[in-house]
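Work through the exercises below with the model open. Try each task before reading its solution.

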Amino acid sequence: MVHSLVAAIERAELVERSGRITQARGQFLEAEGLASYVGEICEIPLGKDGRRLEAEVVGFAGARALLMPYRPLAGIAMGSPVLATGRTFKAAVGAALVGRVIDAFGQPIDGRGPVQPDAWRDCHAQPPAAMQRSRIGEVLETGVKAIDALLTLARGQRVGLFAGSGVGKSTLLGMVAQGIRADLNVIALIGERGREVREFVEDQLGPEGLKRSVVVVATADEPALVRVKAAYVATTIAEHFRDEGRAVMLTMDSLTRFAMARREIGLAAGEPPTARGYTPSVFSEIPQLCERCGPGTGAGSISAIYTVLVEGDDLNEPVTDAIRATLDGHIVLSRDIASSGQYPAIDVLKSISRLFSSVTTEAEQTQVRTLLGLLALYERNRALIEVGAYKPQVNPRLDIVVQAMPRIQAFLAQATGAPQARVESMRQLKALLQAMGSPA
């Protein structure tokens with residue numbers, strides 16, 4: 001008891017550190033005379049009613065501190081005092097969060113009363129050391145047969161879900177959340193429209209999915225700093241449960257909006273823009289965030305699916321390319337497949353799981369390569385088939401896949417709310433190949 005009191009006294013702020021606002025630019029504030037450090041939370045009194053606006057120090061310009069507030073700037077005046085608190089941003093963690101929808105500050109937004117976290121944890125932790133991580137070697141079942149059979153994932157793998165707008169990204173995330181074989185889900189909705197949050201929680205996730213999930217929300221109208229913090233809060237919550245030895249599924253929708261929010265902060269702080277206006281810190285911060293997922297040093301793990309908004313369906317734009325290089329695989333949703341009425345609209349030929357061969361048998365790999373080879377053959381001849389220039393009996397393998405295409409599409413399609421075990425998905429794949437006369 002005495003030691004804890006002594007430690008508290010040693011940490012106490014004995015001198016008030018303060019400064020004054022000298023400039024407000026967009027969502028940025030400048031303060032002079034403020035002795036502070038990057039990441040420190042400061043408070044700005046608003047009027048005489050006791051309200052205070054919290055802001056975080058994000059950089060310095062000469063002798064001035066650059067601050068970004070967590071809320072709108074209304075009420076800030078020239079010369080407003082700024083008080084350094086000595087605190088940094090922390091995430092609420094604990095079992096009480098399971099089944100709840102919270103904001104980036106750990107406050108519930110689901111109308112079901114307060115949340116009592118077990119602890120508050122620093123949001124900017126270091127990932128486990130590379131040589132101390134456990135090895136990946138166990139299949140992760142998602143309940144989505146196109147993924148489980150053809151793009152088999154591993155527990156602790158990090159995958160990107162690449163999609164343009166309106167091709168079923170949120171629906172697929174809901175399917176994964178319902179069918180995933182994990183102890184619990186941590187779902188981060190970053191930059192979503194406010195209307196879509198409730199629809200996702202109630203329709204795509206559903207009551208059963210919510211029972212074993214923690215949902216962290218930062219809507220599009222929140223300041224850029226809050227959207228960035230929400231991504232770190234979700235990752236920190238996932239780390240807490242991983243350290244308890246649990247298998248956690250982290251889903252973040254979307255990593256692109258996280259990058260956009262980080263770009264806003266970087267540009268306001270004076271960073272030079274590079275490709276498509278993104279600042280250098282964006283390309284360094286994406287791997288820093290993603291590397292915190294994966295297997296831990298013990299039995300726990302964090303498997304992750306990050307959605308990536310593909311601008312103009314361009315898979316080679318800078319952020320998309322950087323994310324694809326960082327993660328352990330990518331699942332691509334195709335607008336053409338979605339337009340044909342096939343859901344989930346996964347383009348299995350453009351998708352890849354880099355750990356597929358590590359967690360599957362040779363027989364399963366042979367089956368998957370056979371089907372993918374037939375699909376690739378069909379794609380190479382699609383134009384001829386669609387214009388009627390295809391002639392049967394010229395290429396026997398092409399004849400097989402043309403006749404079997406309706407069955408292949410039926411295999412790749414799946415209704416929402418109907419998760420399927422991987423063993424059944426592999427059985428159906430084997431039966432499909434046998435019906436086509438191919439080795440299975």
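The exercises concern one helix, its partner and two peptide bonds.

This is a predicted model, in which local features need pLDDT of at least 70, side-chain atom pairs count only at pLDDT 80 or more, and totals for chains, interfaces and linings use all residues. Residues are numbered from 1 along each chain as its sequence is written, and side-chain values use heavy atoms, leaving out hydrogens and water.

**Exercise 1.** Compare the expected span of α11 with the distance between its end C-alpha atoms.

Solution. Helices are DSSP runs of H or I with at least four residues, and strands are runs of E with at least two, numbered from the N terminus. The expected span is 1.5 Å times one less than the number of residues. For the 19 residues of α11 this should be 27 Å, and the end C-alpha atoms are 27 Å apart, which agrees.

**Exercise 2.** Describe how α11 and α14 cross.

Solution. Axes are lines fitted to C-alpha atoms, for helices over the stretch in contact, and angles run from 0 to 180 degrees between N-to-C directions. The axes of α11 (residues 362–380) and α14 (residues 422–435) come within 10 Å and cross at roughly 55°. Therefore α11 is oblique to α14 (under 35 degrees is roughly parallel, over 145 roughly antiparallel, 65 to 115 roughly perpendicular, the rest oblique).

**Exercise 3.** Locate the cis peptide bonds from Asp253 to Ser254 and from Tyr343 to Pro344.

Solution. The bond to Ser254 has omega near 10°, and Ser254 lies in the loop between β15 (247–253) and α6 (255–268). For Pro344, omega is near -5°; the loop here runs between α9 (335–339) and β19 (352–353).
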